[in-house]
Amino acid sequence: MSFIDAPNGCIDSLLTAASADGYLFVLEIINNNFSLKMEPLAAHNGAINDVAWRPLPGFKRYEIATCGADMNVKIWTYENQKWSSFTVCSCPEEPVAVKWSSCGFLLSVSYGSNTTKIWREISYQNWKMINE
C-alpha cells in the first residue's frame with residue numbers, strides 16, 4: 001500500500017494497493033471515505049510485492065512503481081485519462097520492495113537476498129542501473 005497526499009495539484013488524496021492475484025488498485029480518499037478511482041489494473045502475473053508512488057511535483061501525470069512475483073519491476077503512468085506501463089527490468093531474482101528517492105529520479109529495487117539495485121531515469125522511460 002502506498003499513499004500520496006493531494007498529488008500534483010489534485011485536491012484529493014490517493015491510495016494505491018496491490019493484491020496477491022496481481023491487481024493494482026487506486027483509491028480516492030474524500031472526507032475519510034474510500035472509493036475506487038478506476039477499474040483495477042492487471043499489473044503482474046502473480047502477487048504484487050510492493051507499490052510506491054513517484055513524487056512528481058509540477059507534473060500533470062501520476063506514476064507508480066510495482067514489483068511482483070513474476071520477477072518484473074514496472075512503472076505505471078496515468079496521463080491523458082489512461083494508464084500505461086513499461087517494464088524497467090526483468091530481475092534475476094524476485095524483487096520484494098520498490099522505493100523512490102525524495103526527488104523521484106532514483107528507484108531502488110530490493111531483493112530477498114539482502115541486495116538492492118538503484119535505477120536512474122536517463123530520459124523518459126529509459127532507465128539504467130547505476131550500481132552493480
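A salt bridge is taken here as a side-chain nitrogen of Lys or Arg within 4 Å of a carboxyl oxygen of Asp or Glu. In this predicted model, a search of the whole structure finds three such pairs. Glu 63 forms one of them with Arg 54, with the closest N and O atoms 2.6 Å apart, and both of these residues are buried. The side chain of Arg 54 also meets that of Glu 121 in a salt bridge, again described by an N to O distance of 2.6 Å; this pair links distant parts of the chain, since Glu 121 belongs to strand S12 (residues 116–123) and Arg 54 to the loop between S6 and S7, 67 residues apart. Glu 121 is likewise buried, and through shared partners Arg 54, Glu 63 and Glu 121 are joined into one network.

A further salt bridge connects Lys 99 with Asp 50, the closest N and O atoms being 3.0 Å apart. Lys 99 lies in strand S10 and Asp 50 in strand S6 (residues 48–53), so the pair ties together parts that are 49 residues apart in sequence. Lys 99 is partly exposed, with a relative accessible area of 46%, whereas Asp 50, at 12%, counts as buried.

The largest nonpolar core comprises 16 residues, and Val 73, Val 98, Leu 107 and Trp 127 have the most contacts inside it. At least two residues of this core are supplied by each of strands S7, S8, S9, S10 and S11. Apart from this core lies another, of 14 residues, including Leu 24 and Tyr 78. Beyond its neighbours within four places in sequence, Trp 127 is in contact with residues including Arg 54, Phe 105 and Glu 121. Phe 105, found in the loop between S10 and S11, is exposed, with a relative accessible area of 53%, and together with Leu 106 and Ile 130 makes a nonpolar surface patch of about 280 Å².

Key
Residues are numbered from 1 along each chain as its sequence is written. This is a predicted model: local features need pLDDT of at least 70, side-chain atom pairs count only at pLDDT 80 or more; totals for chains, interfaces and linings use all residues. Side-chain values use heavy atoms; hydrogens and water are left out. A nonpolar core is a set of buried Ala, Val, Leu, Ile, Met, Phe, Trp, Tyr and Cys residues joined through side-chain atoms within 4.5 Å. Buried means under 20% relative accessible area, exposed over 50%, partly exposed in between (1.4 Å probe, protein chains only). Helices (H or I, at least four residues) and strands (E, at least two) are DSSP runs, numbered from the N terminus. Contact means heavy atoms within 4.5 Å. Patches are made of residues with over 30% relative accessible area and no salt bridge: like charges are joined within 9 Å, nonpolar side chains (Val, Leu, Ile, Met, Phe, Trp, Tyr) within 5 Å. Accessible areas come from the Shrake-Rupley method with a 1.4 Å probe; for residues, only the protein chains shown count as cover.
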